Amino acid sequence: MTFTEWWDFFSPYIPGFLHAAWLVLVLTLLIIIVSWIIGLAVALARASNIWIIRQAAMFYIWFIRGTPALIQIFIVYFGLPPLGLQLSPFFAGVLALGLNGAAYVAEIIRSGLSAIPRGQTESALALGMGNIQIMRRIILPQVVRIILPSVTNEAISTLKNTSLLSTITVVELTLYAQTIIATTFRPFEFYIATAVIYLVLTSMLTQVAAWAERHNARYV
């Protein structure tokens, strides 16, 4: 098969791949938002002085990190309807992967906060700074710089984990490719195309993170 013949065969599927890639980006953004909201709450609970809250946060992190993301997706998608909560595959996927990512985000935030010497907070308090000022002007800039590489890795993992949502009929890149393969019986071309698109998307995230690190370094 010549390149022209191959292109004539492949080109009709390009709009579908672009739509699926856009869906992956939307999913990734929503999952990151959910994981950071929940992850921040879990990190604060993990540092709580109240025993039951701290233990609940530790159990959540232990359970999420110790079980496969695919099983967690099935628990949310198939387990919630009998309890009266019916979610579409899209929102079930966002919730499941958001809960999954939150455990890792909580640990990232906790490690960033623990890396800040306690003496900095005590010195700032001695200078008359309030807690909000200390957090905004001293703690957060340092925490962001420390956790940015880990946050980047988590975002890339989140993007790649969206492929798991094909198991609950979310038509992202993987399921779209599988649908085409089922009718064309040509897995090689379409799995390679899917891999290339994922590679492009993760490279874009990496470049954005590298820019953020350089931008943040100018203000540290």
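Which hand does the crossing of α3 and α5 have? I began my notes on this predicted model with that pair of helices, and I found that the crossing of α3 and α5 is left-handed.

**Entry 1: α3 against α5**

I looked up the geometry, since two packed helices are described by the angle between their axes and the distance between the axes. For helix α3, residues 51–66, and helix α5, residues 89–114, I read that the axes come within 9 Å and cross at roughly 120°. An angle of that value makes α3 oblique to α5, because roughly perpendicular ends at 115 degrees and roughly antiparallel applies only over 145. I then listed the residues that meet: from α3 they are Y60, I61, I64 and R65, and from α5 they are L99, N100, A102, A103, Y104, A106 and E107. Sorted by class, the contact of α3 with α5 holds 8 nonpolar residues, 1 polar residue and 2 charged residues.

**Entry 2: N100**

I next asked myself whether N100 is buried or exposed. N100 belongs to helix α5, and its relative accessibility is 7%, so I entered N100 as buried, the cut-off being under 20%. Setting aside neighbours within four places in sequence, I noted that N100 is in contact with I64, A69, Q72 and N161; of these, I64 is a residue of α3 that I had already listed where that helix meets α5.

**Entry 3: α2 against α5**

I turned to the packing of α2 and α5, whose axes are 6 Å apart at an angle of about 45°. That angle makes α2 oblique to α5, and I recorded the crossing of α2 and α5 as right-handed. The residues of the contact of α2 with α5 divide into 19 nonpolar, 5 polar and 3 charged.

**Entry 4: the nonpolar cores**

I went on to the cores with a general expectation in mind, namely that in soluble globular proteins nonpolar side chains tend to be buried together. The largest nonpolar core here has 16 residues, and I wrote down F17, V24, L173, F190, I197 and L201 as those with the most contacts inside it. At least two residues of this core are supplied by each of α2 (14–46), α8 (173–184) and α9 (187–217). I also found a second, separate core of 15 residues, which includes A92, V94, L165 and V170.

**Entry 5: V24**

Which residues does V24 touch, not counting residues up to four places away in sequence? My list for V24 reads L159, T162, E172, L173, Y198 and L201, and L173 and L201 also appear with V24 among the residues with the most contacts inside the largest core.

Terms used. Residues numbered from 1 in each chain as written. Predicted model: local features only at pLDDT ≥ 70, side-chain atom pairs only at ≥ 80, totals over all residues. Heavy atoms only, no water. Axes fitted to C-alpha atoms, helices over the stretch in contact; angles between N-to-C directions. Helix = DSSP H or I, 4+ residues; strand = E, 2+ residues; numbered from the N terminus. Parallel < 35°, antiparallel > 145°, perpendicular 65-115°, else oblique. Left-handed = near helix turned anticlockwise from the far one by under 90°. Contact = heavy atoms within 4.5 Å. Nonpolar A, V, L, I, M, F, W, Y, C, P; charged D, E, K, R; others polar. Core = buried A, V, L, I, M, F, W, Y, C linked by side-chain atoms within 4.5 Å. Buried < 20%, exposed > 50% of the residue type's maximum accessible area, 1.4 Å probe, protein only.
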